Amino acid sequence: MSLTSTVAVSKDRVSTESAPQAARMETFVYDDAIVRMFMWMTIVWVVVGTLAGLLVAIELALPEAGLGIPYIAFGRLRPLHTNAAIFAFAGNAIFTGIYYSLQRLCKARMFSDLLSRLHFWGWQLIIVAAALTLPTGHTSGKEYAELEWPIDIAIALVWVVFAVNVFGTIAVRRERHMYVAIWFYIATLVTVAMLHIFNSLALPAGALKSYSVYAGAQDAFMQWWYGHNAVAFFLTTPFLGLMYYFMPKAAERPVFSYRLSIIHFWSLVFMYIWAGPHHLHYTACPEWASTLGMLFSVMLWMPSWGGGINGLMTLRGAWHKVSYDPVLKFFVVGVTFYMMSTFEGPMMSVKSVNALSHYTDWTIAHVHGGALGWNGFISFGMIYWLAPRLFQTKLYSQKLANMHFWLGLVGILVYVVSMWTAGITQGLMWRGIDENGRLMWPDFIETVAHLIPYYWIRALGGALFIAGIVVMVYNMVRTWQTRPAKYEEPVYEAPPLMAARAVEALPPSRIRTPVVNIAHKYDRFAQAAWHRRWERLPLVFSVWVAVAVVVASLFEILPTFLIRSNVPTIASVTPYTPLELAGRDIYIAEGCYNCHSQMIRPLIAETKRFGEYSKPGESVYDHPFQWGSRRIGPDLAREGGRQSHLWHLLHFKNPREVNPKSVMPAYSWLLKETLDFGSIEAHVRVMKKLGVPYDKEIGQAEQLARAQAAEIARQIVEQGGEPGYDDKKVTALIAYLQRLGTDLYKTPPTPGEPSAPPATTQPVAMGNK
């Protein structure tokens with residue numbers, strides 16, 4: 001066996017060095033060209049994703065930085081940043097590591113070069129499609145799943161191509177047992193497919209417009225079942241697989257404990273899938289679901305740290321290398337951030353902590369500690385380890401690699417600490433009540449203004465992190481320039497799988513491994529013989545992974561959908577008028593959910609600030625739900641009627657004319673762009689198919705929308721504004737905002753009557769924005 005196929009294995013794995021010499025050998029060549037392609041795109045997209053993030057960070061502290069350009073406004077750019085960081089950067093890093101390691105672990109070339117190329121180009125085209133659609137306002141409005149239905153279909157098809165290629169490679173492998181890294185790859189393939197398909201179910205309402213098949217509390221549950229487990233099975237399990245392969249390679253030591261890796265894997269796969277509802281504490285989601293999510297989140301701390309310890313203990317006897325090897329520096333800090341994040345996450349899932357942390361920048365610190373500290377540093381370490389091997393030359397500069405490490409580490413620490421401080425400050429100010437029972441900071445803008453210095457510090461940390469990435473790009477380009485004129489393609493040889501099976505049939509005394517020799521002295525379960533059998537059966541292994549995640553999911557999903565008492569209805573809640581529905585579409589397209597929540601929790605400070613707490617029945621017609629996960633601006637669940645139409649118009653035109661401390665970007669283009677009244681009818685009909693009780697609106701949606709828009713434009717003139725807004729997008733958005741929260745105070749409608757807009761109220765104080 002070659003060194004490349006034996007170093008990154010557990011000390012308990014069976015050696016095949018005593019295989020019969022007469023076994024027939026097969027020759028093969030690894031496909032490293034596809035690895036190089038994915039690695040270059042990892043480098044490209046980490047630059048794009050982090051630069052977008054830096055611009056977003058600056059816009060929070062200086063909203064004028066968006067220059068009034070709609071395509072780079074905060075609400076549109078933030079989803080592009082998150083998608084670029086997760087699916088472009090982290091996704092390409094995952095594929096880089098999997099395509100390299102899987103071939104070595106299976107002693108086989110990838111199943112199909114064609115499928116490898118289809119996967120590569122398909123994934124890059126999906127990323128480009130995201131980069132074109134999100135800034136232009138084409139979004140589903142579901143966090144981490146914003147891409148519209150044609151792109152969702154493309155993602156599913158490309159993922160199938162990837163899965164066929166991976167499972168095909170496993171099927172033609174020449175290594176009998178699947179190494180631990182492959183277990184995590186399988187879990188990723190199976191679970192991500194399930195999460196993406198079921199969360200993305202939607203009815204198209206146009207070429208780039210769709211409505212989720214779920215609504216309100218049920219949509220919220222599905223979204224965070226997906227959202228939390230996307231973190232689990234796209235940003236955790238595949239990177240753990242990379243850790244289990246590349247850390248032993250870099251350290252030239254076997255994995256610390258094979259049995260600990262078994263406990264780590266199965267505990268993580270089973271427990272993680274339950275944890276999503278902890279994102280919905282104190283919301284209109286059923287309390288039993290969020291409590292269950294909290295319990296499993298807390299339990300997740302143990303297996304997560306077991307995996308982290310397994311990774312760090314792999315360096316036993318090699319810790320001295322960390323002082324001079326930048327690859328190990330990145331890996332050690334990456335695993336440390338993994339352990340930190342998997343302690344912080346369970347802690348933040350506890351209800352008492354979540355009441356403080358939710359909607360604040362503490363969550364932003366937690367997310368970036370994981371994404372940049374864990375995913376980023378593991379990816380950078382992998383790139384530095386792979387570069388000399390893929391380019392078949394020496395790394396241009398170890399000093400530059402070390403410089404990148406320190407710039408990145410200082411940058412992420414500055415970022416995370418500033419956001420921890422900002423988040424805890426936010427939470428304490430929001431809930432501050434004086435001895436007389438009054439809010440200490442009743443004006444929401446006071447809490448926003450207090451955070452501006454932390455936003456600048458966050459931007460500084462991000463800039464340092466990006467500076468490290470620029471150093472890496474230079475180092476990689478200079479390394480690539482010294483590559484040979486033509487890459488060598490070493491030819492490897494190994495016996496076919498059937499010949500390898502003969503080794504396992506030999507008596508224990510013929511196989512040189514202490515584990516098998518002592519297997520007769522200890523309990524077979526303790527020796528994990530049962531798991532060794534599963535490792536020989538990839539189909540059985542994959543089925544058990546699927547069973548673990550499906551069973552856990554159904555235990556939470558089915559009661560939420562089938563038991564009506566989980567989402568009690570409210571008789572006075574009626575569907576949005578056609579114009580309000582169009583306004584809601586604009587609200588989603590502009591990414592307003594990135595800054596505003598629509599969920600008042602039953603906490604004293606929140607009800608004093610925003611009004612009566614939110615009920616499950618209020619959002620039964622919301623496809624998708626818009627509860628939000630962050631409050632840069634105030635909650636809007638009771639916004640209807642609090643301000644005049646003119647106030648909203650001026651606020652969109654230039655928020656700082658209404659309140660000088662506002663960090664909201666101007667949406668002046670909404671005052672100029674014409675509303676597409678012709679598309680409203682199609683949207684209403686799709687909502688009807690989804691179960692929204694539209695009746696008389698069908699066939700006259702456009703006329704009803706024009707009539708309501710004309711009435712709002714007339715009232716704007718009466719309130720002192722200019723005429724001419726009866727066909728503008730801003731009018732539809734005002735109609736939507738004026739509707740929010742008003743259903744609780746209406747008389748239940750007569751069946752069959754069209755939805756009526758709420759009565760307009762007089763303006764109130766403008767200081768709470």
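## Helices H3 and H18 and selected buried sites

In helix H3, the buried residues are Leu-115, Ser-116, His-119, Phe-120, Gly-122, Trp-123, Gln-124, Ile-126, Ile-127, Ala-130 and Thr-133. Buried means under 20% relative accessible area, exposed means over 50%, and partly exposed lies in between, with a 1.4 Å probe and protein chains only. Helices (H or I, at least four residues) and strands (E, at least two) are DSSP runs, numbered from the N terminus.

The model is predicted: local features need pLDDT of at least 70, side-chain atom pairs count only at pLDDT 80 or more, and totals for chains, interfaces and linings use all residues. Residues are numbered from 1 along each chain as its sequence is written, and side-chain values use heavy atoms, with hydrogens and water left out.

H3 covers residues 113–133, and its 21 residues reach 30 Å from first to last C-alpha, close to the 30 Å expected at 1.5 Å a residue. The expected span of a helix is 1.5 Å times one less than its number of residues. The cover over the buried residues of H3 includes helix H1 (33–61), helix H2 (74–106), H4 and H6. At the N-terminal end, Ser-112 acts as a cap, with a side-chain oxygen 3.3 Å from the backbone nitrogen of Leu-114.

Within H3, Trp-123 counts as buried because its relative accessibility is 3%. Leaving aside neighbours within four places in sequence, Trp-123 is in contact (heavy atoms within 4.5 Å) with Phe-87, Asn-92, Phe-95, Ile-155, Val-158, Trp-159 and Phe-234. Trp-123 and Trp-159 are 36 residues apart in sequence, and their C-alpha atoms are 8.7 Å apart.

Helix H18 (residues 538–562) has 25 residues, which should span 36 Å at 1.5 Å a residue; the end C-alpha atoms are 35 Å apart, in agreement. A kink of about 30° is centred on Leu-554 in H18; the bend at a residue is the angle between axes fitted to the seven residues ending there and the seven starting there. Among the buried residues of H18 are Pro-538, Phe-541, Val-545, Val-549, Glu-556 and Thr-560. Their cover includes helix H5 (180–199), helix H8 (258–272) and helix H9 (287–313).

Asn-375 lies in helix H12 (residues 361–391) and counts as buried at 3% relative accessibility. Not counting residues up to four places away in sequence, Asn-375 touches Leu-235, Phe-239 and Gly-370.

Asp-635 sits in the loop between helix H20 (604–610) and helix H21 (645–653), and counts as buried at 2% relative accessibility. Leaving aside neighbours within four places in sequence, Asp-635 is in contact with Ser-597, Gln-598, Met-599, Ile-600 and Phe-610.

The table gives side-chain polar contacts of these three residues. A polar contact is a pair of N or O atoms within 3.5 Å; within protein, one must be able to donate a hydrogen and the other to accept it, and residues adjacent in sequence count only if both atoms are side-chain atoms.

| Side chain | Partner | Distance |
|---|---|---|
| Trp-123 | backbone oxygen of Phe-87 | 2.9 Å |
| Asn-375 | backbone oxygen of Leu-235 | 2.7 Å |
| Asp-635 | backbone nitrogen of Ala-637 | 2.7 Å |
| Asp-635 | side chain of Arg-631 | 3.5 Å |

Some backbone geometry remains. Most residues other than glycine have a negative phi, and most peptide bonds are trans. Tyr-144, in the loop between H3 and H4, has a positive phi near 65° and is buried, with a relative accessible area of 14%. Glu-252, in the loop between helix H7 (237–251) and H8, has a positive phi near 55° and counts as exposed at 53% relative accessibility. A cis peptide bond, with omega about 0°, joins His-623 and Pro-624; Pro-624 lies in the loop between H20 and H21.
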